[in-house]
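Visitor: I would like to learn how to read a protein model feature by feature, with the general idea before each case. Could we look at it together?

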Amino acid sequence: MTRRERLPAPSLPAFIEALLPPGIERYRVQLPGVAVHVMEIGAGRPVLMLHGNPTWGFLYRQVAGALLGAPLRLIMPDLPGLGLSEKPRKAEFHTLARHIDCFGALIDQLELEDLIFVGQDWGGAIGLGALARRAARLSGVVLLNTVVGPPRPGFRPTAFHRLARAPVISDVAFRLLGVPQRWLALVQGDRASIRGDVARAYRYPLRRIRDRVAPLALARMVPNSLQHPSVGPLRAIDEFLVGFRGPVSMVWGTRDPVLGRIINHLERRLPDAKVLRTDAGHFVQEEVPGPIAAAIKDVAGIG
């Protein structure tokens, strides 16, 4: 994709701009049915870093800052419905299969090859789902507090995901009260890691009620049974990752009340992966950006 084909990005308030690494570039890419916001900085081998619900590429700013000067092109998209990407008004847009298709189209348009993929929360499954169809383009993986496989028989959804399916209450909580973006600190190891302008920056893209479709829809995208539509794609993602022969590293926040213990299962599924357990919470990028940057360099083979 040439620079002429990129669409201009929406403006950001000064307090968010001040938190981003100096020299970061922002633009939009038109994908089928939705325009996606992208931030990038640096030059060299591409590193594609994808967030989950309800954050945006801003989540990776400190990781990017720790990698400045490395021979890496750091690319931080926003999922459709979140960040500064377009926000479809219909919840039906948000299926795992459609997000995988969108992210695959982004990889194709940016013409990325020999890339390192970094994924957290839903970003892990969405990114790997797209790359499973483009395996020749992937050379390394870094996973951060994510789910990249189907639930096991007999599983029970978390309290958060049960709330997302409660009639009426879920709409009030997610659409009117701003769950979960107003309470991100509650799933952190250090609650002070998301406060002040940082907390405001996460709320900013979802400040209007009409834009809050994605957080609830993405929460409902999590399987609540083995018949859920996300289960099939998650099985395919698991098979792809287990068969992947490139380097895999995992940096995990063990104080994450939602996904903290999943590292034990992933370590069994990926016995050759390098694993770093930390005292961080769900949004590990806010608490341990240095170790994440080190893992990316290690997977990229640049030390």
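Guide: Let us begin with the sheet, where two strands count as paired if DSSP finds at least two bridges between them. Here eight strands form an open sheet with mixed pairing, in the order β1-β2-β4-β3-β5-β6-β7-β8. Because β1 (25-31) and β8 (274-278) stand at the edges with a single partner strand each, one side of each is left without a neighbour in the sheet. From one strand to the next, the twist averages 20 degrees, where axes are lines fitted to C-alpha atoms, for helices over the stretch in contact, and angles run from 0 to 180 degrees between N-to-C directions. The names come from DSSP runs numbered from the N terminus, helices being H or I with at least four residues and strands E with at least two.

Visitor: Where do these coordinates come from, and how are residues counted?

Guide: This is a predicted model, in which local features need pLDDT of at least 70 and side-chain atom pairs count only at pLDDT 80 or more, while totals for chains, interfaces and linings use all residues. Residues are numbered from 1 along each chain as its sequence is written, and side-chain values use heavy atoms, with hydrogens and water left out.

Visitor: In which direction do β2 and β4 run, parallel or antiparallel?

Guide: Strand β2 (residues 34-41) and strand β4 (residues 72-77) run antiparallel and are joined by four bridges; valine 38 has proline 77 in β4 as its bridge partner. On the other hand, β3 and β4 run parallel, also with four bridges, and leucine 48 stands opposite isoleucine 75 in β4.

Visitor: How many residues of strand β3 are buried?

Guide: A residue is called buried under 20% relative accessible area, exposed over 50% and partly exposed in between, using a 1.4 Å probe and protein chains only. By that rule, five of the six residues of strand β3 (residues 45-50) are buried, and the strand is mostly covered. Glycine 123, found in helix α4 (residues 122-132), is buried too, with a relative accessible area of 0%. Its C-alpha lies 4.8 Å from that of histidine 51, although glycine 123 and histidine 51 are 72 residues apart in sequence.

Visitor: What span should helix α3 have, and what do its end C-alpha atoms show?

Guide: The expected span of a helix is 1.5 Å times one less than its number of residues. For helix α3 (residues 96-110), with 15 residues, that gives 21 Å, and the end C-alpha atoms are 21 Å apart, which agrees. Among the buried residues of α3 are His99, Cys102, Phe103 and Leu106.

Visitor: What follows just after α3?

Guide: Most residues other than glycine have a negative phi, and most peptide bonds are trans. Glutamate 111, in the loop between α3 and β5 (115-121), has a positive phi near 55 degrees, and glutamate 111 is exposed, with a relative accessible area of 57%. Aspartate 114, in the loop between α3 and β5, has a positive phi near 50 degrees and is partly exposed at 41%. As for cis peptide bonds, one runs from asparagine 53 to proline 54, with omega near 0 degrees, and another joins valine 179 and proline 180, with omega about -5 degrees.

Visitor: How are empty spaces read?

Guide: On a 1 Å grid over the protein atoms alone, a cavity is a set of points where a 1.4 Å probe fits but cannot get out, a pocket is an open set with protein on both sides within 12 Å along at least five of seven lines, and lining residues have an atom within 4 Å of a point. Grid points are joined across faces, edges and corners, and a volume is the space filled by probe spheres set on the points. A search of the whole structure finds one cavity of 30 Å³ or more, and the largest cavity holds about 60 Å³. Helix α3 gives the most to its lining, with four residues.

Visitor: What is the volume of the largest pocket?

Guide: The largest pocket has a volume of about 1,300 Å³ and is lined by 46 residues, of which Thr158, His161, Val258, Leu259 and Ile262 lie nearest its centre. The largest share of that lining, five residues, comes from α10.
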